[in-house]
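Let's take a look at how some strands and helices fit together here. Keep the structure open beside you as you read.

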Amino acid sequence: MDKKNLYPEALDLLQQLIAIPSFSREEDKTASTIAAFIESRGVEVHRRLNNIWAFNKHFDPILPTLLLNSHHDTVKPNTGYTRDPFAATVEDGKLYGLGSNDAGGCLVSLLATFLYFYEQEGLRYNLVYAATAEEEVSGRNGLELVLPELGELEAAIVGEPTLMQLAVAEKGLLVLDCVAIGRSGHAAREEGLNAIYEALPDITWFQTYRFPKVSEHLGPVKMSVTMLEAGTQHNVVPDKCRFTVDVRLTDAYSMEEVLEVIRQHVKAEVTPRSMRLKPSSIPMEHPLVQTGIALGRSTYGSPTTSDQALLSIPSLKLGPGDSARSHMADEFIYLDEIEEGIALYINILEKVVK
């Protein structure tokens, strides 16, 4: 594809996508729009539910495959919006609209990059582009659903707004539902065993415990008790105290290791809601990272989760836009960020896949 057409066509597609509501699990219309855009360029498109993917023209099963992935679902607009979230207006070098920054700019920039390489022969890697659903709700019918369809993957670039800096590691998420058990009784008498008091030492442990290993890029594992519920009325000693713990994991520990340490130290019953959202990282010596560094980009660890958590391969989170703008009122992305994103993606891949 002609390089000079990449940016204007990507911008046009992004404006079309912003104009179509695509809340998580309701992305069917944006999926159809993305599929039609790709097919109009003569590329065979695959679809499962609201996920779209395509392989480069000269796909060779002998070669390793690099995944280019971003998501086209959005959160719902918050109450602070002063603009129409679906208007896709351009003002002062900014494109406004829901999903423009998270992660529309990444989505269309990666697609432009894929189309640039689509017809090229003699590549050292196959490329597969995947525009996936349900990222914002960590749903099971997004990237996780179609991963088996993509074949064996060696590495991935996950498009999320990083100001085009290299997120070489990402924290995982473990949400724990904990129940401290007591025995009910009348609050006026010395009866029962107060489950709230039973929970307090565990809550204090979550507040004060420090895992010994600290990740180079992500720092320490962080645990926060975020919800608590107990009791039915003022004069009854509660027999159960339920509390929720948000655990942000690093690449220093596996999810199973963290859970084992927690269960060794607390009395409460501990039940994880999911073991899917794992911490991820890519070796610093990986060609994607080294090429990005050579192009003047810095590396860092990302505290926010993404579909990168579902990948068991080395993956680099990288994209135009700023994570600080994600989910904000009057969301926007700078036009030159999209242009820069396409250029940098291509520059990195030129040195890795050719």
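## Strand 3 and its partners

Start with one pair of residues: Thr-65 has Asn-126 in strand 6 as its bridge partner. That pair belongs to a longer match-up, since strand 3 and strand 6 (residues 126–132) pair in the parallel sense over seven bridges. Keep in mind that this is a predicted model.

Strand 3 has another partner too: strand 7 (residues 155–158), again in the parallel sense, this time over four bridges. Here you can look for Leu-68, whose bridge partner in strand 7 is Ile-157.

## Is strand 3 tucked in or out in the open?

Strand 3 covers residues 65–71, and seven of its seven residues are buried, so the rest of the structure largely encloses it. Now check which way the residues point. Thr-65, Leu-67, Asn-69 and His-71 go one way, while Leu-66, Leu-68 and Ser-70 go the other, and all of them are buried.

## A three-strand sheet

Now move to an open sheet of three strands, in the order 4-5-18 with antiparallel pairing. Strand 4 (90–91) and strand 18 (332–334) sit at the edges with a single partner strand each, so one side of each has no neighbour in the sheet.

Strand 4 pairs with strand 5 (residues 94–96) in the antiparallel sense over two bridges. Within that pairing, Val-90 stands opposite Leu-95 of strand 5.

## Helices lying across

Which strands does helix 3 lie across? Helix 3 (residues 100–117) lies across strand 5 and strand 18, at about 45° to strand 18. Helix 8 (residues 335–353) lies across strand 4, strand 5 and strand 18, and runs at about 60° to strand 18.

Note on methods:
Residues numbered from 1 in each chain as written. Predicted model: local features only at pLDDT ≥ 70, side-chain atom pairs only at ≥ 80, totals over all residues. Heavy atoms only, no water. Pairing = 2+ DSSP bridges. Contact = heavy atoms within 4.5 Å. Axes fitted to C-alpha atoms, helices over the stretch in contact; angles between N-to-C directions. Buried < 20%, exposed > 50% of the residue type's maximum accessible area, 1.4 Å probe, protein only.
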